[in-house]
Amino acid sequence: MTGPSPAERLVDLLDLEEIDLNIFRGQSPHESLQRVFGGQVAGQALVAAGRTVGDERPVHSLHAYFLRPGIPGVPIVYQVERVRDGRSFTTRRVVAVQRGRTIFNLTASFHVREPGFEHQLPMPDVPDPESLPRLADEIQAHLGSLPVPLERMARRQAFDLRYVERLRWTPSELQGVEPRSAVWMRAIGSLGDDPLVHTCALTYASDMTLLDAVRLPVEPLWGARNFDTASLDHAMWFHRPFRADEWFLYEQESPIATGARGLARGQIYDREGKLIVSVMQEGLFRPHRTDSDEAAPGRSSS
């Protein structure tokens with residue numbers, strides 16, 4: 001094999017350039033996508049915030065809004081505001097700018113490690129990841145071979161994804177399906193030992209499948225899509241330390257979809273069943289318009 005591994009490419013993507021005090025620049029891969037992947041922007045913004053906080057205060061929550069679609073191939077500048085440095089908590093606000101326009105903002109809170117009582121709901125009983133097919137293998141088994149765009153995407157994919165439930169390919173298979181999904185994930189290769197890198201890598205991954213739960217009752221996850229979809233906002237709470245290059249289970253469900261928006265929530269567990277991260281996200285779901293319709297507005301006008 002030649003060239004960097006998927007995990008090494010992800011680490012490079014999250015390694016921002018500090019161009020001035022509280023100002024960082026992140027690269028955006030030039031890929032055949034209409035807009036920059038939201039998880040990339042969220043992960044890079046969290047890196048920028050984390051670079052201004054000491055290691056003794058890991059991030060415990062973030063709240064973010066996707067304001068405009070990012071342009072692939074164009075660097076993104078992250079401007080960090082040091083909102084507060086308290087005795088126990090530190091707050092940072094990050095604005096992501098591309099070509100002079102704000103495309104994303106994030107507020108992150110960091111907390112010193114403190115002892116306290118513990119409880120959690122149990123992890124669902126699901127098959128081990130080793131017993132499940134890789135996503136690319138499952139798609140290839142159904143289609144006979146991977147289409148060229150999917151093959152390229154699979155080679156670049158930084159995470160191994162394995163859905164707990166088999167993929168459904170036709171509307172008839174969706175009858176009675178609940179808005180729930182679960183997928184095992186881990187980075188393909190080592191991410192090193194920096195806890196901030198693992199936190200930001202999981203932030204990247206958290207945007208990959210969460211809105212699946214919203215779509216499940218109305219259309220198959222793979223194949224032709226009937227909706228224009230965009231992430232609107234994203235919130236995460238980090239409960240315990242973890243490694244994103246070890247298996248974690250992403251349990252996802254959608255309590256409601258209405259008004260062209262769908263809400264999804266996720267619980268992320270490590271292999272031992274410990275709840276490590278909680279996630280909430282709202283997405284925009286607009287039916288594809290026909291040629292006779294007016295052009296559908298982009299996320300910037302949402």
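User: What is the volume of the second largest pocket?
Analyst: This is a predicted model, so the value is computed from predicted atoms. Its second largest pocket has a volume of about 1,100 Å³.

User: Which residues are the closest to the centre of the second largest pocket?
Analyst: The lining of this pocket holds 33 residues. They divide into 14 nonpolar, 10 polar and nine charged. The closest to the centre are P58, F238, H239, R240 and P241.

User: Which element gives the largest share of the lining of the second largest pocket?
Analyst: The elements that give two or more residues are β3 (59–66), β6 (101–111) and α5 (195–209). The largest share is four residues, and the element behind it is α5.

User: Which helix gives the most to the largest nonpolar core?
Analyst: This core has 65 residues. Those with the most contacts inside it are Y78, F104, F159, L202 and V277. Seven residues of the core come from one helix, spanning residues 38–50, and that helix is α2.

User: How many residues are in the other core that lies apart from the largest one?
Analyst: Nonpolar side chains tend to be buried together in soluble globular proteins. Here a further core lies apart, with V126, L132, V164 and W184 among its members. Its residues number seven.

User: Which residues is F159 in contact with, leaving aside its neighbours within four places in sequence?
Analyst: F159 is one of the residues with the most contacts inside the largest nonpolar core. Outside its sequence neighbours, its contacts are L10, R186, A187, I188, A201, Y204, A205, M208, A244 and F248.

User: Is S28 buried or exposed?
Analyst: S28 sits in the loop between β2 (23–26) and α2. Leaving aside neighbours within four places in sequence, S28 is in contact with V36, Q40, I71, P72, G73 and V74. Its relative accessible area is 6%. The cut-off for buried is under 20%, so S28 is buried.

User: Why are the buried residues L135, A136, E138 and I139 on the same side of α3?
Analyst: Helix α3 covers residues 135–143, and these four are buried in it. In an α-helix there are 3.6 residues a turn, so residues three or four places apart point the same way. The four buried residues are on the same side of α3 because they cover an arc around the axis of only 165 degrees.

User: What percentage of the residues of the protein chain count as buried?
Analyst: The secondary structure comes to six helices and 12 strands. Among contacts between residues at least 6 apart in sequence, 74% join residues at least 24 apart. The chain has 302 residues, and the share that counts as buried is 45%.

Methods. Residues numbered from 1 in each chain as written. Predicted model: local features only at pLDDT ≥ 70, side-chain atom pairs only at ≥ 80, totals over all residues. Heavy atoms only, no water. Buried < 20%, exposed > 50% of the residue type's maximum accessible area, 1.4 Å probe, protein only. Arc of directions from axis to C-beta. Core = buried A, V, L, I, M, F, W, Y, C linked by side-chain atoms within 4.5 Å. Contact = heavy atoms within 4.5 Å. 1 Å grid on protein atoms, 1.4 Å probe; cavity = no way out; pocket = protein on both sides within 12 Å on 5 of 7 lines; lining within 4 Å. Points joined across faces, edges and corners; volume = space filled by probe spheres on them. Nonpolar A, V, L, I, M, F, W, Y, C, P; charged D, E, K, R; others polar.
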